[in-house]
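Thanks for asking me to look this one over. My notes are below as numbered points, so you can take them in order alongside the viewer.

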Amino acid sequence: MSRTAGPSRRTAIWVLLLLGGATLAAAVPTWLSTTGATPLDPQVEVAVAGTAAAPGVSASALVLVAAALALGLVGRVGRWVVLAVAAASGVVAAVSALGVALDPEPSARAAVADATGVTELTAPVTLTVAPWLAAVLGVVTVLTVVWVAVGSRSWSGASTRHERATSTDATTGTAGQPAPGAGTTAAADEITDHDAWDALSRGEDPTDR
């Protein structure tokens with residue numbers, strides 16, 4: 001039976017990147033619209049984008065993208081930290097989007113107040129599908145992180161190969177040469193040209209040692 005019940009590291013990175021991009025795309029368009037009034041204009045059209053109605057959604061999307069990129073760099077311990085952050089971003093996105101979808105009036109009043117100076121609405125709030133889509137993407141993100149966490153147990157460490165190479169270099173030296181100090185004893189036994197000349201000047205055999 002295969003040990004892998006989830007995606008590979010590469011697949012996990014791409015899926016999380018796509019979810020982050022989709023969540024950010026869902027936060028950009030208009031989420032709700034309504035109208036207000038001023039003394040000079042009895043009907044002021046007000047449209048509120050998701051980035052203004054629920055800033056937590058766009059922020060969570062950016063965090064998810066960063067977590068996806070970090071997933072390819074971290075080791076075993078860091079992987080769980082990154083996945084926890086990714087799951088938290090999904091929760092924040094879902095909760096923020098649902099808050100607006102279930103009760104859009106506070107966001108609408110705040111937007112009307114910015115546009116007219118008063119919080120009185122002159123028309124019902126019209127909600128688009130975008131906040132519901134963002135909420136669904138948040139839930140999908142959390143489920144995806146669980147799926148990735150299951151499959152990540154079979155991943156190899158990101159730096160295993162580098163650690164083996166480092167260990168080998170410490171023993172043999174760079175480019176397969178002996179490490180510094182490995183031939184110290186042999187070098188100490190060799191006779192230098194200066195020592196040989198001194199020995200000959202004294203009438204001695206420099207090799208007789």
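1. Let me begin with contacts along the sequence. Taking contacts between residues at least 6 apart in sequence, 71% join residues at least 24 apart. Please keep in mind that this is a predicted model.

2. On secondary structure, the chain holds 9 helices and 3 strands. Their order along the sequence is α-β-β-α-α-α-α-β-α-α-α-α.

3. Next come burial and surface. Of the 209 residues in the chain, 33% are buried. The accessible surface is about 12400 Å², and carbon and sulfur atoms account for 64% of that surface.

4. A word on confidence, which you will want before using the coordinates. The mean pLDDT of the chain is 81, and 72% of the residues score at least 70. Residues 159–168 have pLDDT below 50, and the model gives this stretch 1 contact beyond near neighbours in sequence. Residues 184–189 also stay under 50; for them the model has 0 contacts beyond four places in sequence.

5. How far apart are the end C-alpha atoms of helix α6? The distance is 31 Å, which agrees with the 32 Å that its 22 residues (130–151) should span at 1.5 Å a residue. Helix α4, with 27 residues, reaches 39 Å from its first C-alpha to its last, close to the expected 39 Å.

6. Which elements do the buried residues of α6 pack against? They pack against the helices α1 (9–27), α3 (55–71) and α4 (76–102), and also against the strands β1 (30–36) and β3 (126–127). The buried set in α6 includes A130, P131, A134, A135, L137, G138 and T141, and further along T144, V145, V148, A149 and G151 are buried as well.

7. Helix α4 has its own buried set, among them R79, V82, L83, A86, A87 and S89. G90, A93, A94, A97, V100 and A101 are also buried there. As a reminder, an α-helix has 3.6 residues a turn, so residues three or four places apart point the same way.

8. S89 is a handy residue to click on in helix α4. Is S89 buried or exposed? Its relative accessibility is 5%, so S89 counts as buried, the cut-off being under 20%. Beyond its neighbours within four places in sequence, S89 is in contact with S60, V63, L64 and T141. Of these partners, T141 is one of the buried residues of α6.

9. On the surface, L98, L102, V129 and W132 make a nonpolar patch of about 410 Å². W132 lies in helix α6. With a relative accessibility of 39%, W132 counts as partly exposed, whereas its helix neighbours A130 and P131 are buried.

10. How many salt bridges does the model have? The count comes to 1. E105 pairs with R109, and the closest N and O atoms are 2.9 Å apart. Both residues belong to helix α5 (residues 105–116), where they sit 4 residues apart, about one turn of the helix. Neither partner is buried: E105 is partly exposed at 36% relative accessibility, and R109 is partly exposed at 29%.

Conventions: Residues numbered from 1 in each chain as written. Predicted model: local features only at pLDDT ≥ 70, side-chain atom pairs only at ≥ 80, totals over all residues. Heavy atoms only, no water. Helix = DSSP H or I, 4+ residues; strand = E, 2+ residues; numbered from the N terminus. Expected span 1.5 Å × (residues − 1). Buried < 20%, exposed > 50% of the residue type's maximum accessible area, 1.4 Å probe, protein only. Contact = heavy atoms within 4.5 Å. Areas by Shrake-Rupley, 256 points an atom, 1.4 Å probe, with all protein chains shown as cover. Patch = residues over 30% accessible without salt bridge, like charges linked within 9 Å, V, L, I, M, F, W, Y side chains within 5 Å. Salt bridge = Lys/Arg side-chain N within 4 Å of Asp/Glu carboxyl O. pLDDT = per-residue confidence, 0-100.
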